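Let's walk through this one together, starting with a single residue and working outwards to the whole fold. Have the viewer open and follow along.

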Amino acid sequence: MRITVNDDVRDTSAANVEELVREVLGEVPAAGTAVAVDGDVVPRSAWASTELAEGAIVDILTAVQGG
């Protein structure tokens with residue numbers, strides 16, 4: 001399916017948010033990551049149950065430490 005992730009259009013086989021995060025980041029971080037699908041924040045507890053649809057717009061944000 002084709003979706004937009006962080007303003008980049010990409011093809012993915014990920015069925016849900018958790019699979020997409022793993023695909024994009026290489027692993028599911030323990031903390032410090034937020035995801036929004038079509039403008040709605042998806043709680044981490046719902047990543048595995050939140051299915052992705054063709055044309056979805058997903059933002060994956062990670063906290064970065066430093067100064």
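Start at Ala63: its relative accessibility is 64%, so it counts as exposed (exposed means over 50% relative accessible area, buried under 20%, and partly exposed in between, with a 1.4 Å probe and protein chains only). Ala63 sits in the segment after β5. Helices here are DSSP runs of H or I with at least four residues, strands are runs of E with at least two, and both are numbered from the N terminus. Although Ala63 and Thr33 are 30 residues apart in sequence, their C-alpha atoms are 6.4 Å apart in space.

A word on what you're looking at: this is a predicted model, in which local features need pLDDT of at least 70 and side-chain atom pairs count only at pLDDT 80 or more, while totals for chains, interfaces and linings use all residues. Residues are numbered from 1 along each chain as its sequence is written, and side-chain values use heavy atoms, with hydrogens and water left out.

Now zoom out. The protein has one helix and five strands, and reading along the sequence gives you β-β-α-β-β-β. How does the radius of gyration agree with that of a compact globule? For 67 residues such a globule would come out near 11 Å, and the protein has 11 Å, so the two agree. That radius is taken over C-alpha atoms, and the globule rule is 2.2 Å times the number of residues to the power 0.38. Along the principal axes, the C-alpha atoms fill a box of roughly 35 × 25 × 20 Å.

Contacts tell you how the chain folds back on itself. Counting contacts (heavy atoms within 4.5 Å) between residues at least 6 apart in sequence, 50% join residues at least 24 apart.

What about the inside? Buried residues make up 31% of the 67 in the protein. In soluble globular proteins, nonpolar side chains tend to be buried together. A nonpolar core, as used here, is a set of buried Ala, Val, Leu, Ile, Met, Phe, Trp, Tyr and Cys residues joined through side-chain atoms within 4.5 Å. The largest one has 15 residues, and those touching the most other members are Leu20, Val35, Val37, Leu52 and Val58. Two or more residues of this core come from each of β1 (2-5), α1 (17-25), β3 (33-37) and β5 (57-62). The largest share, three residues, is from α1.

Take Val35, in strand β3, as your way into the core. Val35 has a relative accessible area of 2%, so it is buried. Its C-alpha atom is 5.6 Å from that of Asp59, 24 residues away along the chain. Setting aside neighbours within four places in sequence, Val35 is in contact with Val17, Val21, Asp40, Val41, Val42, Trp47, Val58, Asp59 and Ile60.

Two names in that list deserve a stop. The first stop is Val58, which, again leaving out neighbours within four places in sequence, is in contact with Ile3, Thr4, Val5, Asn6, Leu20, Val35, Ala36, Val37 and Leu52.

The other stop is Trp47, in the loop between β4 and β5. Is this loop residue buried or exposed? Trp47 counts as buried, because its relative accessibility is 2%. Trp47 and Val17 are 30 residues apart in sequence, yet their C-alpha atoms are 4.9 Å apart. Not counting residues up to four places away in sequence, Trp47 touches Asn16, Val17, Glu18, Val21, Val28, Thr33, Val35 and Val42.

Ala46 is in the loop between β4 (40-42) and β5 too. At 19% relative accessibility, Ala46 counts as buried.

For some backbone geometry, go to the loop between β1 and β2 (8-11), where you'll find Asn6. Most residues other than glycine have a negative phi. Asn6 has a positive phi, near 50°, and with 32% relative accessibility it counts as partly exposed. Asp7 lies in the loop between β1 and β2 as well. Asp7 also has a positive phi, about 70°, although it is not a glycine, and at 71% relative accessibility it counts as exposed.

Finish on the surface: the protein exposes about 4300 Å², with carbon and sulfur atoms supplying 48% of it. Those areas come from the Shrake-Rupley method with a 1.4 Å probe, and for residues only the protein chains shown count as cover.
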